[in-house]
Amino acid sequence: MEQKRLYFRRQLQTNMAVRLCDVASLLRSGSWASEPWTGQVIAAMETQLSNGPTCNNTSNGPSTITNNCSSPVESGSIEDSKTNLIVNYLPQNMTQEELKSLFGSIGEIESCKLVRDKITGQSLGYGFVNYVDPKDAEKAINTLNGLRLQTKTIKVSYARPSSASIRDANLYVSGLPKTMTQKELEQLFSQYGRIITSRILVDQVTGVSRGVGFIRFDRRVEAEEAIKGLNCQKPPGATEPITVKFANNPSQKTSQALLSQLYQSPNRRYPGPLAQQAQRFRLDNLLNMAYGVKRFSPMAIDGVTSLAGINIPGHAGTGWCIFVYNLAPDADESILWQMFGPFGAVTNVKVIRDFNTNKCKGFGFVTMTNYDEAAVAIASLNGYRLGDRVLQVSFKTNKTHKA
DNA sequence: TGATATT
């Protein structure tokens, strides 16, 4: 009870209508409504809401507020939201649950959304995480920005307030001098507005610039002005003019290309050869279940020595559970994400702590979706030296008695 | 013409 009071007091201290709307709707629904003090809290919030900016939150996602500031965009100003983050460059196969699990290891999450293609359902590689506490959002940027997950390095930053004016502000630039650096590219374009991202494409083999790149501005009007000012112009010192135009939207592919991508990408829906071994396990286990055979020992398969995390389709919340031993007392979840994330889809991590001291008891667990990725992670991380400790990593066993 | 940046 007291914890709930503290929880909502903390929320109330976040002086944004957007937060109040969310808390109010949370209080109105579900088990919170039965608490004797919720009525007072809702009333207090609605008073503030009626005096403040309009709340337009009608959906499940994080809400937005009408920006009624007289000078909405000031160069270099701090973002409006201190709790809402955008996470870019997520691995293609990362799910919303995995995103929530990863960022939930920092602090309490108010809402979390992985953005998917409306038609294909494929991840668009970015998402939003809205924390309850602005301090956790800041901590998430400090600890998770730049985290390597599989082949990607994720970017974590404050989300700008959602608005039509910030959409379609990405430019494709070609004909750049091969010697031009990213910094020089930014210098050229920064006179037209605030740059959100910039990139120069390079040859995969030689690393030499391909003379093409991208500039994403904060606002579309800035991108329009940059086209007017720089398209067909020669950059300082260049011999040839550059081409500046709006970039293609990656989500606007032809249906042919989408189908091709769907067929070729090894994801959950269309498992590629890599998933075959895990599929074989699942099939075997289904057959064993169906025929009432005692849970089969997978030890006979391909030299695997010990397994327990049996993954049965339809049995939600399962995966390949990995036991990690010899963690330091101050180990936290983020270290587990950092170690195992690069090997594949991680759905959950947990550091086991002493109830009284809150220090790690020396071990933890990691759940991975795919068997093959889990096996590689174990093979790679068992014996790994973390600080002054050598880790023992294995599939979790179902030991009920100590040997 | 990207390491799919605004739900």
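In strand β13, V324 has G364 as its bridge partner, and in β16 the partner of V324 is V393. Helices (H or I, at least four residues) and strands (E, at least two) are DSSP runs numbered from the N terminus, and two strands are taken as paired if DSSP finds at least two bridges between them. The model is a predicted one, in which local features need pLDDT of at least 70 and side-chain atom pairs count only at pLDDT 80 or more, whereas totals for chains, interfaces and linings use all residues. Residues are numbered from 1 along each chain as its sequence is written, chains are lettered from A and ligands numbered from 1 in the order in which they are written, and side-chain values use heavy atoms, with hydrogens and water left out.

Strand β11 (residues 320-325) and β16 are antiparallel and share 4 bridges; within this pairing, Y325 is matched with Q392 of β16. The antiparallel pairing of β11 with β13 comprises 6 bridges. Together, 4 strands make up an open antiparallel sheet, ordered β12-β13-β11-β16. Because β12 (346-353) and β16 (392-395) are the edge strands, each with a single partner, one side of each has no neighbour in the sheet. The average turn between neighbouring strands of this sheet is 20°, direction ignored. Helix α10 (residues 333-340) packs on the sheet and touches β11, β12, β13 (360-368) and β16, where contact means heavy atoms within 4.5 Å. The direction of α10 makes about 140° with that of β12; axes are lines fitted to C-alpha atoms, for helices over the stretch in contact, and angles run from 0 to 180 degrees between N-to-C directions.

Chain A as a whole contains 11 helices and 16 strands. Of its 403 residues, 40% count as buried, a class defined by under 20% relative accessible area, with exposed set at over 50% and partly exposed in between (1.4 Å probe, protein chains only). E373, located in helix α11 (residues 371-381), counts as buried because its relative accessibility is 18%. The side chain of E373 reaches the backbone nitrogen of A345 at 3.0 Å. Not counting residues up to four places away in sequence, E373 touches N93, F343, G344, A345 and M368.

The protein surface around DNA strand B involves 34 residues, of which N84, L124, K155, R160 and R199 come nearest; a residue is near the strand if one of its heavy atoms lies within 4 Å of it. Of the DNA strand B atoms within 4 Å of the protein, 33% belong to sugar or phosphate and the rest to bases. An N or O atom in the side chain of N88 is 2.8 Å from a sugar or linking oxygen of DNA strand B. For K152, a polar side-chain atom lies 3.2 Å from a phosphate oxygen of the strand, while a polar backbone atom of N248 is 3.2 Å from a base oxygen. Two or more residues each are given to this surface by β1 (84-88), β3 (123-131), β5 (152-153), β6 (155-158), β7 (170-174), β8 (195-202) and β9 (209-217).

K178 belongs to the loop between β7 and α6 (182-189). Although K178 and S209 are 31 residues apart in sequence, their C-alpha atoms are 5.2 Å apart in space. Beyond residues up to four places away in sequence, K178 touches S209, R210 and G211.

Notes
A polar contact is a pair of N or O atoms within 3.5 Å; within protein, one must be able to donate a hydrogen and the other to accept it, and residues adjacent in sequence count only if both atoms are side-chain atoms.
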